[in-house]
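Subject: Handing over the structure

Dear colleague,

Here is the structure that I promised to pass on to you. Please open it beside this message, and then read on for what was found in it.

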Amino acid sequence: MREGSLQAPTRHPVDWQNPEFYDEAKLEAELRRVFDICHGCRRCFNLCDSFPRLFDLIDASPSGELHDVKSDAFPSVIDACTLCDMCFMTKCPYVPPHEFDVDFPHLMLRHRVVHAKDVPFTDREITRTDRNGELAKFVAPLANWATATDNHLTRPLLEKLAGVHHEAALPPYTSETFLTRAQRNKFAINKEAPAYGKRKAVLYATCSINYNDPELGLIARALLAKNGVETEVAYPSCCGMPQLEQGDIAQVVANARKVAMDLQPWITKGYDVIALVPSCALMLKLEWPLLVPANDPAYESIKMLAQATFDLTEYIVDTGKRHGLASGLKPLAGPVALHIACHARAQNMGAKAMEMLQLLPESDKITVLERCSGHGGSWGIKTENFEIALKVGTPVARKAAEVLRTANEKREPAFIASECPLAAAHIVQGVEKLNGKNVEPARAYNPIEIFALSYDITRKKKG
């Protein structure tokens, strides 16, 4: 047996339809096996809060060993896992094909699947993003008023009823979805661009862009049109990442079947698929093929979709490398504190947001932040987790704050950017804790916005 591993990590399909998957005795035995390996290694101590909690439990036991830790203490470790995959992708020396066969995130997922029935009603309802978005669009101004962090009337009520921390930033809703706006807004394809006639793509809108930030979707279409790429927009349903976090694999698989079957005709016609949010790209590329059984009628469509899917920043970089980008790029507008989202890193494609911004003139003004923001999707907004989420994200916020302070001293514009919309807002909140709320910028940016600014493509109105 070799110590550690230099081989590329591989992942096994999640065998969630096997009755043994739900055997609690076998689950506990696997938890203890993996936790003991983690105890003997401890390389992941500075990632999420799961590992400090585990190591504290062990260190506080009479023997300082795992066998003296009671199993009823394990849920606190499991609850702190945000399924970011960073331990699997960047830290653990014992992931498959190593003989120890450690996949910590998918083990945490297994525990959540087995105990999915115990998820509180309000937690399940928060993750129903399509239902919530469809309802909220009819009362978007009212919903946004009620969820604003400075609303001292409604946010305490939301905290009491739904367990959402009163200070946690929540994404605003829109009255008109990206799918609706895409049907009305047409973009002339730049025939002078090197990629003209060579690429076409269907944009998988994602729940975040469709219901919360359609303007970013329009920016993406305008940017791609500028570079000669024909685009269409589709949104059959959410990718299921919120349900995955709660262990509802059956719902995730149902969403996967629906999306894959809907997008298959586009792929057959030669369209690439671009997911507009890294978490969704990760689901389409990597998680769905592991969750949908190989004997499922939709499995071949799932595989086809995985092979055709690009992350948005990945697609811009790929277009530039293959064909070249349209002329007219202006210098970077100002220093950028660029957070590389965990679910972008988990795609194992490189730091594409950084590569994209480095295509701009004066791209030496980029400070790359590769640690976790701490948000973790619906996990980070919960009352019991929000302060922990800020603590985990403090190293990122500290570096971003430093970029802002330096820029303010020089009286030049600066940007906080992340490919993940939830992470971006969370980092801004962390910076406000360090710098004070009067320090600009007042909002976070997506790196696509910053790249589009170099072509004078901007938001028509606030997202």
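Helices (H or I, at least four residues) and strands (E, at least two) are DSSP runs, numbered from the N terminus. Please keep in mind that this is a predicted model, in which local features need pLDDT of at least 70 and side-chain atom pairs count only at pLDDT 80 or more, while totals for chains, interfaces and linings use all residues. Residues are numbered from 1 along each chain as its sequence is written, and side-chain values use heavy atoms, with hydrogens and water left out.

I begin with a pocket, which is an open set of points on a 1 Å grid over the protein atoms alone, with protein on both sides within 12 Å along at least five of seven lines, whereas a cavity is a set where a 1.4 Å probe fits but cannot get out; lining residues have an atom within 4 Å of a point. The second largest pocket has a volume (the space filled by probe spheres set on the points, which are joined across faces, edges and corners) of about 600 Å³. Its lining consists of 25 residues, and those closest to the centre are Asp-79, Arg-112, Asp-123, Glu-245 and Gln-246. Helix H3 (74–79), helix H5 (104–114), helix H6 (121–126) and helix H13 (241–246) each give two or more residues to this lining, and the largest share, 3 residues, comes from H3.

Turning to the cavities, there are 7 of 30 Å³ or more, and the largest has a volume of about 110 Å³. Among the 14 residues that line the largest cavity, Cys-38, Cys-41, Cys-44, Phe-51 and Cys-92 are the closest to its centre.

Which residues, leaving aside neighbours within four places in sequence, is Ser-418 in contact with? With contact meaning heavy atoms within 4.5 Å, they are His-339, Ala-341, Ala-423, Ala-424, Tyr-445, Asn-446 and Pro-447. Ser-418 lies in strand S7 (residues 415–418).

Finally, the whole structure holds 12 aromatic pairs, where rings of Phe, Tyr and Trp (its six-membered ring) pair if their centres lie within 6.5 Å, and planes under 30 degrees apart count as stacked, over 60 as edge-to-face and the rest as tilted. Phe-21 and Tyr-22 form an edge-to-face pair, 5.3 Å centre to centre with 70 degrees between the planes, while Tyr-94 and Phe-100 form a tilted one, at 4.8 Å and 45 degrees. Ring pairs also link Phe-35, Phe-51, Phe-55, Phe-74 and Phe-104 into a cluster.

With best wishes
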